[in-house]
Amino acid sequence: MPALLKEPAFRHDYTPKTGILLINLGTPAAPTAKALRPYLKQFLSDSRVIEIPKAIWWFILNGIILNVRPAKSAAKYATIWTPDGSPLLVHTQKQTTLLKGLLGEQGMRNLVVDYAMRYGQPSVEQTMIKMREAGVERLLVIPLYPQYAGSSSATALDDVFRTLQKMRNMPEVRTVRHFHDHPAYIQALADSVREHWRLNGRAEKLVMSFHGVPRFTLDKGDPYHCECLKTGRLLAEELGLGKTEYVVSFQSRFGKAEWIKPYTTEVLTQLARDGVSRIDVMCPGFVGDCLETLEEIAMEGKEDFLTHGGKEYRYIACLNERPAWITALAEIAAANLGGWITTPDDAEMRQLRARSCGAKS
Ligand SMILES: C=CC1=C(C)c2cc3[nH]c(cc4nc(cc5[nH]c(cc1n2)c(C)c5CCC(=O)O)C(CCC(=O)O)=C4C)c(C)c3C=C
Ligand SMILES: [Fe+2]
Ligand SMILES: [Fe+2]
């Protein structure tokens, strides 16, 4: 049992709140090798992400990867960094604010909406302590990954459960496992494609590129690959696309092992070689633009396609702050908040609470 966190003395006179905690992957604090090193170390030391035996991996990580990758990755981050910081952080912050605003407009009171990062800052523990201090007694956790994977959603939830183990007065907890087939999420994606078509016309193919995972995880029971294909199919159906008009592929391969296929780079190269001249490319598995979409897909992917004979490569931005996506997020939250959002005003709630144990305050 880990050591318990410090908590304030119990009191009656506060309004119990319901919290929504959005968890995203996390991102380095700056686009520098110095900032990349601790970020990558934390990320790549996660046994949900790297399943190689710990002792062997320790040597590979500390002896090779952490000496080479920080500088290489920092150079990539530098190409997408914004004046407000890393796009992943900026979009997560904005999504949190917009969700809070929308749920407030929908009349949900006594609600705390906040975000945390699985790697880097603010950590899950930090945000959970902050929410507990704000009076959160019921906590809904939404990992910002539409498709469940052990290396994304599950590790985010591990962090929540680890923090709960350290809480004396732990909140009630509900978790969202995935929303890969949620109609409002599919609608939001479809809206973004239709808007792109309205402004730019329609390309010959729509490429839907998802983050990859090692192939063996599928063989060992991870549903991620299947959920990506389902998202792709539902989106294509919503857009009225036939089987030959879209392709689902997987990006961001790490290391030499086989990952789920087809690889996005190979698909882009092959499409160009096959004489397809104009393609639309999107990343439905990322709800906000980040390094993997802005650098790997919008920049490197474009180069792959154009250098192999393609003529026009149009990247469709992630959902980011699109109103339809914030509405979808609110729907996903509301569907999981059943019975948790109470209507009595603050004073009444305090009275109810004090009365239940006979105390005066
Ligand atoms: C080492 C293996 C990796 C697995 C497995 C993996 C799964 C996975 N990742 C995401 C989402 C994101 N990954 C991002 C960056 C990133 N991913 C890996 C490695 C694995 N990911 C690394 C080493 C990095 C860091 C960048 C680099 O050095 O290449 C990001 C972007 C972060 C940002 O700051 O913008 C996202 C998002 C998912 C959803 C997933 C499993 C399904
Ligand atoms: Fe990743
Ligand atoms: Fe399947």
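How many nonpolar, polar and charged residues make up the shell around ligand 1? That is a good place to start a friendly read through this model, and the answer comes in point 2.

1. **Confidence.** Please keep in mind that this is a predicted model. The protein chain averages a pLDDT of 95, and 95% of the residues score at least 70. For the model as a whole, ipTM is 0.95 and pTM is 0.95. A general reminder applies to any weaker stretch: where pLDDT is low, the predicted coordinates should not be read in detail.

2. **The ligand shell.** Ligand 1 is surrounded by 22 residues, and the closest are Thr27, Ser73, Ala149, Cys290 and Leu291. Two or more residues of this shell come from each of helices α2 (54-80), α5 (150-165) and α10 (291-307). As for the opening question, the shell holds 13 nonpolar, seven polar and two charged residues.

3. **Where the ligand sits.** Shell residues are supplied by both domain 1 (17-180 + 323-348) and domain 2 (183-315), so ligand 1 lies between the two domains. If you have the structure open, the closest residues listed above, such as Thr27 and Cys290, are handy places to begin looking.

4. **Two domains.** The domain assignment splits the protein chain into domain 1 (17-180 + 323-348) and domain 2 (183-315). Note that domain 1 is written as two segments, 17-180 and 323-348. Taken over C-alpha atoms, the centres of the two domains are 24 Å apart.

5. **How the domains meet.** In the contact between the domains, 24 residues of domain 1 meet 23 residues of domain 2. On the domain 1 side, α2, α3 (87-105), α5 and α11 each give two or more residues. That side divides into 12 nonpolar, 10 polar and two charged residues. Helices α2 and α5 therefore deserve a second look, as they contribute two or more residues to the ligand shell and also to this side of domain 1.6. **The nonpolar core.** The largest nonpolar core has 90 residues, of which Leu21, Val141 and Ile142 touch the most other members. Helix α11 (residues 323-335) is the top contributor to this core, giving seven residues. At least three core residues come from each of domain 1 (17-180 + 323-348) and domain 2 (183-315). Valine 141 shows what such packing looks like: beyond its neighbours within four places in sequence, valine 141 is in contact with Leu21, Ile23, Leu157, Val160, Val173, Thr175 and Val176.

7. **Leucine 66.** This residue is part of helix α2. Is leucine 66 buried or partly exposed? Leucine 66 counts as partly exposed because 18 C-beta neighbours lie inside 10 Å, while the cut-off for buried is 20 or more. Setting aside neighbours within four places in sequence, leucine 66 is in contact with Arg37, Leu40, Lys41 and Leu61. Threonine 15 is 51 residues from leucine 66 in sequence, and their C-alpha atoms are 47 Å apart.

8. **Arginine 132.** Helix α4 holds arginine 132. With 22 C-beta neighbours inside 10 Å, arginine 132 counts as buried. Its contacts, neighbours within four places in sequence aside, are Met167 and Pro171. Asparagine 169 is 37 residues away along the chain, with 8.9 Å between its C-alpha atom and that of arginine 132.

9. **Two cis peptide bonds.** Most residues other than glycine have a negative phi, and most peptide bonds are trans. With that in mind, look at the bond joining glutamine 121 and proline 122, which is cis with omega about -10°. Proline 122 sits in the loop between β2 (111-117) and α4 (124-133). Another cis bond runs from lysine 261 to proline 262, with omega near 5°. The loop between β6 (246-251) and α9 (264-273) carries proline 262.

10. **Two positive phi values.** Asparagine 110 is not a glycine, yet has a positive phi of about 55°. Its place is the loop between α3 and β2, and with 21 C-beta neighbours inside 10 Å asparagine 110 counts as buried. Serine 252, also not a glycine, has a positive phi of about 60° and lies in the loop between β6 and α9. Serine 252 is partly exposed, with 18 other C-beta atoms within 10 Å.

Note on methods
Residues are numbered from 1 along each chain as its sequence is written. Chains are lettered from A and ligands numbered from 1 in the order in which they are written. This is a predicted model: local features need pLDDT of at least 70, side-chain atom pairs count only at pLDDT 80 or more; totals for chains, interfaces and linings use all residues. A residue is near a molecule or strand if its C-beta atom, placed from the backbone, lies within 6 Å of it. Helices (H or I, at least four residues) and strands (E, at least two) are DSSP runs, numbered from the N terminus. Ala, Val, Leu, Ile, Met, Phe, Trp, Tyr, Cys and Pro count as nonpolar, Asp, Glu, Lys and Arg as charged, and the others, Gly among them, as polar. Domain bounds come from an automatic or database domain assignment. pLDDT is the predictor's confidence in each residue, from 0 to 100. A nonpolar core is a set of buried Ala, Val, Leu, Ile, Met, Phe, Trp, Tyr and Cys residues joined through C-beta atoms within 7 Å. A residue is buried if 20 or more other C-beta atoms lie within 10 Å of its own, exposed if 12 or fewer, and partly exposed in between; C-beta atoms are placed from the backbone. Two residues are in contact if their C-beta atoms, placed from the backbone, lie within 7 Å.
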